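Please open the structure in your viewer and keep the selection panel at hand. The tour below goes from one selection to the next and says what is found at each stop.

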Amino acid sequence: MAELYIASFFTELGALEFKDCLAALQDPEATMMPVPRQISVSCGTGVRFSMDFDPDKMNNRDLDSVYRVQENQYELLWSQDGGWQANNK
């Protein structure tokens, strides 16, 4: 089974554009969803996806952060203000 990721956004439009980008890259898991509260309270809308996150290919000015989902736990991989987190490049 592929790893799953959740991206959070500053705006709902950013989430929609990111989902469309993932669909163009043929990610079968790309789905808009409510963001779990332990991740973010920004706009409340996120995108679940399975492709390895690449900020160059998946560029979006409204992207806040990206998390890896592991058994109902969320590991921060990348954030707008901090870039890649240690050991996650």
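Which side chain meets that of Lys-19 in a salt bridge? Select Lys-19 together with Asp-20, bearing in mind that this is a predicted model, and the two side chains are seen to meet in a salt bridge with an N to O distance of 3.9 Å. Lys-19 is partly exposed, with a relative accessible area of 23%, and Asp-20 is likewise partly exposed, at 42%. This pair belongs to a set of four salt bridges found by a search of the whole structure.

**Strand 4 and its arginine**

Next, select strand 4, which covers residues 63-70 and contains Arg-68. Arg-68 has a relative accessible area of 16%, and because the cut-off for buried is under 20%, Arg-68 counts as buried.

Keep Arg-68 selected and add Glu-3, whose side chain meets that of Arg-68 in a salt bridge at 3.2 Å, N to O. This pair links distant parts of the chain, since Arg-68 lies in strand 4 while Glu-3 lies in the segment before strand 1, 65 residues apart. The side chains of Arg-68 and Glu-3 also make a polar contact, again at 3.2 Å. Unlike the buried Arg-68, Glu-3 is partly exposed, with a relative accessible area of 37%.

Now add Glu-75, which forms a salt bridge with Arg-68, the closest N and O atoms being 2.8 Å apart. Salt bridges that share partners thus join Glu-3, Arg-68 and Glu-75 into one network. A polar contact between the side chains of Arg-68 and Glu-75 is likewise present, at 2.8 Å, and Glu-75 is partly exposed, with a relative accessible area of 26%. As background to this stop, side chains of opposite charge can pair when their charged atoms come close.

**Strand 3 and its partners**

Clear the selection and choose strand 3, residues 45-49, which is mostly covered, four of its five residues being buried. With which strands does strand 3 pair in the antiparallel sense? Add strand 1, residues 4-9, which pairs with strand 3 in the antiparallel sense over four bridges; to inspect one position, display Ile-6, which stands opposite Arg-48 in strand 3. Then add strand 2, residues 31-34, which runs antiparallel to strand 3 and is joined to it by four bridges. For a position to examine here, display Met-32, whose bridge partner in strand 3 is Val-47.

**The aromatic rings**

The last stop concerns the ring pairs, of which the structure holds five. Select Phe-53 and Trp-78, which form a tilted aromatic pair with 5.5 Å from centre to centre and 55° between the planes. The pair links distant parts of the chain, with Phe-53 in the loop between strand 3 and strand 4 and Trp-78 in strand 5 (residues 73-79), 25 residues apart. Are Phe-53 and Trp-78 buried or exposed? Both Phe-53 and Trp-78 are buried.

To finish, select Tyr-5, Phe-9, Phe-18 and Phe-49, which ring pairs link into a cluster. When stepping through these rings, recall that a pair of aromatic rings is described by the distance of the centres and the angle of the planes.

Note on methods. Residues numbered from 1 in each chain as written. Predicted model: local features only at pLDDT ≥ 70, side-chain atom pairs only at ≥ 80, totals over all residues. Heavy atoms only, no water. Helix = DSSP H or I, 4+ residues; strand = E, 2+ residues; numbered from the N terminus. Buried < 20%, exposed > 50% of the residue type's maximum accessible area, 1.4 Å probe, protein only. Polar contact = N/O pair within 3.5 Å; in protein donor to acceptor, adjacent residues only side chain to side chain. Pairing = 2+ DSSP bridges. Phe/Tyr/Trp six-rings, centres within 6.5 Å; stacked < 30°, edge-to-face > 60°.
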